[in-house]
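Here are my notes on this model, set out as numbered points for discussion. Please read them with the coordinates open.

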Amino acid sequence: MNKDVFKAVQVTDRVYWVGAIDWSIRDFHGYLTGRGTTYNAFLVLADKITLIDTVKAPYRNELMARIASVIDPGDISVIISNHSEMDHSGCLIDVIDTVAPDAVYASPMGVKALTRHFGPNLPITEVKSGESIDMGNMEAVVMETRMLHWPDSMVTWLPAESILFSQDAFGMHLASYERFADELDDAVLDYEAAKYFANILLPYAQLIPKVMENVGNAGIKPSVIAPDHGPIYRRGEDIEYIFESYLEWAKQEPAPKAVVTYDTMWGSTDLMGRSVCEGLASEGVEVKSMSLKGAHRSDVATEILDAGALIVGSPTINNNMFPTVADVMSYIKGLKPKNLVGGVFGSYGWSGESVGQLESIFDTMKIERVAESVKVQYVPDEDDLKRCYDLGKTIGKKLTEAKK
Ligand code: FEO
């Protein structure tokens, strides 16, 4: 690819963005990436020129062209791999072969993960948390952030430029030609950052306050945050905002907001779901009604992030809950949301297992069912719809009382 077409973007005096923009991706391991994404990589023009992270394999040539727009790629002396997931390491071995650096570093778990991905005897050196990497006229310090997002994850702090390369943390899936958060619409940033947190980081949210405290205690006070996806933060107020948002989301405090999600075969469960929503709304709580005819599992997960209640409905088909409901519940269970209350409803023809199956998943997820489940044969009558309304109302009351 042509270096006069695919160019680097300067981030600080001696740091350049050399990543790739993926405008067309819509499925990122089950996450609907409706606005595409970027795979960010960064070039540090130290005496020992350093590349931080690479990109997904098909974007290797875009990465190399952007590097070549600044320097001869053969001049790279050091590569740091902050995270082994293939959206950041897919072309790592190819890049190592091409530029022949003097040293490549990853965390101890990173070396193990990269070996499992690409085979043994990789020319990659372990660097432990708190250790420095010599770049000649400057040095970088790494800090492991295990499970954020994988066991191998680490961040790299470059004090000379006051920039923290935060890998997945503080990222979002958002393709754009604007490289900096202050150039983008705040509402889009808010939504995509929350969606990323809910779908990528939520299972390990309880680790986040401690990691952020450790970063502060290590004297890391960055002027720039450079994640591996989406825009770079360079304004103090933007950095403060994303830090505060992470601490807030990590708490998972129950809010007066309910997510109602369901699917339907012949309209009965839909009618029940709409009645549940009316009951919730009558208590003045925010209601997100997410019929699975249109809502994607990752959008349901996003709405749950700041909700206090989850209510799920399903018809029974062939002795099971509806496939779309099973899909969303399997996904959400894996994200381990906390502090939710909720309820269950569903319709059936003759066997009616879906409600019991949902109750069982709720119990596994420790979602307190604060209203009696509603189960209706074939088509709900007026009394049945009132029971659905009451289910919503009971949960709505619980949410508003919890907030008092
Ligand atoms: Fe962007 Fe966990 O990879």
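1. Leaving aside neighbours within four places in sequence, Phe197 is in contact (heavy atoms within 4.5 Å) with Leu202, Ala205, Ile208, Tyr246, Trp249, Ala250 and Leu305. Phe197 is also one of the buried residues of helix H5, where buried means under 20% relative accessible area with a 1.4 Å probe and protein chains only.

2. The model is predicted, and local features need pLDDT of at least 70, side-chain atom pairs count only at pLDDT 80 or more, while totals for chains, interfaces and linings use all residues. Residues are numbered from 1 along each chain as its sequence is written, and side-chain values use heavy atoms, with hydrogens and water left out.

3. Of the 68 residues in the largest nonpolar core, those that touch the most other members are Leu51, Leu63, Phe197 and Tyr246; such a core is a set of buried Ala, Val, Leu, Ile, Met, Phe, Trp, Tyr and Cys residues joined through side-chain atoms within 4.5 Å. H5 supplies the largest share of this core, eight residues. Domain 1 (9-251) and domain 2 (259-399) each contribute at least three residues to this core, the bounds coming from an automatic or database domain assignment. A second core of 27 residues, separate from this one, includes Phe42, Val78, Met154 and Ala175.

4. Helix H5 itself covers residues 186-201, and its 16 residues reach 21 Å from the first C-alpha to the last, close to the 22 Å expected at 1.5 Å a residue; the expected span is 1.5 Å times one less than the number of residues. Helices (H or I, at least four residues) and strands (E, at least two) are DSSP runs, numbered from the N terminus. At the N-terminal end of H5, Asp185 acts as a cap, with a side-chain oxygen 2.8 Å from the backbone nitrogen of Ala187. The buried residues of H5 pack against several elements, including strand S4 (27-28), helix H7 (236-251) and helix H10 (323-335).

5. What is the relative accessibility of Val127? The value is 2%, so Val127 counts as buried, although this residue lies in the loop between strand S11 (125-126) and strand S12 (132-134). Beyond its neighbours within four places in sequence, Val127 is in contact with Tyr105, Ala106, Ser107, Pro108, Ile133, Val142 and Met154, the last of which is listed in the second core.

6. The open sheet of seven strands, with mixed pairing, has the order S1-S2-S7-S8-S9-S10-S11, and two strands pair if DSSP finds at least two bridges between them. Its edge strands are strand S1 (9-12) and S11, each of which pairs on one side only. Within the order, strand S7 (residues 42-44) and strand S8 (residues 50-52) run antiparallel and are joined by three bridges, with Ile52 in S8 as the bridge partner of Phe42.

7. Strand S15 (residues 163-167) and S16 run parallel and are joined by four bridges, and Val224 in S16 is the bridge partner of Ile163. Both faces of S16 (residues 224-227) are covered, since Val224 and Ala226 on one side and Ile225 and Pro227 on the other are all buried.

8. Leu399, in helix H12 (residues 382-403), is buried, with a relative accessible area of 4%. Not counting residues up to four places away in sequence, Leu399 touches Ala255, Pro256, Lys257, Ala258, Val285, Gly308, Ala309 and Val341.

Note on methods
Buried < 20%, exposed > 50% of the residue type's maximum accessible area, 1.4 Å probe, protein only. Polar contact = N/O pair within 3.5 Å; in protein donor to acceptor, adjacent residues only side chain to side chain.
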